[in-house]
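Let's take a look at one helix and one sheet, and at how the pieces around them fit together. Have the structure open as you read.

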Amino acid sequence: MELEHMSYSALSRYEECPRSLYLGRVKRAEERQTWFFPLGSAVHQCVEDFLQTGEAPSFEERFYPLIERQLKIDPIDVNWLAGGPPDDPIIRDKAVELGKRCVDNAIKFLDDIEVWEVEYDASGMIAGCEVPVKAFIDIVGEHKKHGPVIVDWKSGKSKPKNNLQLETYAVLLNTSTPLSGNDHPFTDHGSIKFDIGLWAMVNPDAPNARPVKGLTEVDASALGARYQAAYEQIKNKVWKANPGFHCKFCVMAPNCLVESPGTKRATFYDKSEQDGYPF
């Protein structure tokens, strides 16, 4: 497989476990269904709707269609991956209530930001990587305290373990011309360099994340080399498995011979001898 582009999610997924990317992107195996992905997607949709209309949207109207779609794939919803303790997972009504609280917190978060762009397509070339890096930024705008910022919504309880996503976005905004060839639309606000990123932690049980500063100091060439290294491995079909704690929440676990050895499903999808280097 040769990807026509990279993205921070493809890079982080490959670095965590190449086998997971192989099963998802090459074999296109059916994912294990989750409660947290539709919850996060519905929160994003609600925020976008609020910014367009100025009115508080209905979380349920955006959440339930996503759940109905998943039920057609796996009707046993208690088997879906979920957050929370095993004996009291965040599913069904608990997921709805959490989603509504996340939306309320997101709307409050926006009080401090002048929004310039929503779901902004910042895709472009990063020095050292031979293919474009795709990127869609949740919010680009100006914070009352921090100035120009890059914002990414997070509906989970923990912030990301590294800043790869914000660093990628900043390099694309600060050093790259969009694939369209046009200038970024917010250049109307002056010659801007984005030095600060915000993880917008809207889960009521999540601690506030400190602003990520120093994004203008990210080495674009080093970042591009990191993307290129993964891209080279992907082109060479290096799909080694990297088992660890992350397997617990991997949507490809039912399709993986490491996590589901001997099952018909994993044996059908996980055919390393045909598609690249094995475990």
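Keep in mind that this is a predicted model. A good place to begin is what the buried residues of H4 lean on: they pack against helix H3 (36–53) and helix H5 (92–109). The residues in question are Phe59, Arg62, Phe63, Leu66, Ile67 and Gln70. They sit on the same side of H4 because they cover an arc of only 125° around the axis. That fits the general pattern: an α-helix has 3.6 residues a turn, so residues three or four places apart point the same way. Flip to the other side of H4 and you'll find Glu61, Arg69 and Lys72 exposed.

As for its length, H4 runs over residues 59–73, and its 15 residues reach 22 Å from first C-alpha to last, close to the 21 Å expected.

Now the sheet. It is open, with 4 strands in the order S2-S4-S5-S6 and mixed pairing. Strand S2 (113–121) and strand S6 (196–201) each have a single partner strand, so one side of each is left without a neighbour in the sheet. On average, neighbouring strands are turned by 30° against each other, direction ignored.

Zooming in on one pair, strand S5 (residues 147–154) runs parallel with S6 over 6 bridges. Ile150, for instance, has Gly197 in S6 as its bridge partner.

Two helices that pack on this sheet are set out here:

| Helix | Strands touched | Angle between directions |
|---|---|---|
| H3 | S2, S4 (136–143), S5 | about 125° with S2 |
| H6 (residues 164–175) | S2, S4, S5, S6 | about 140° with S5 |

H3 thus turns up twice: the buried residues of H4 pack against H3, and H3 packs on the sheet.

Conventions
Residues numbered from 1 in each chain as written. Predicted model: local features only at pLDDT ≥ 70, side-chain atom pairs only at ≥ 80, totals over all residues. Heavy atoms only, no water. Helix = DSSP H or I, 4+ residues; strand = E, 2+ residues; numbered from the N terminus. Expected span 1.5 Å × (residues − 1). Buried < 20%, exposed > 50% of the residue type's maximum accessible area, 1.4 Å probe, protein only. Arc of directions from axis to C-beta. Contact = heavy atoms within 4.5 Å. Pairing = 2+ DSSP bridges. Axes fitted to C-alpha atoms, helices over the stretch in contact; angles between N-to-C directions.
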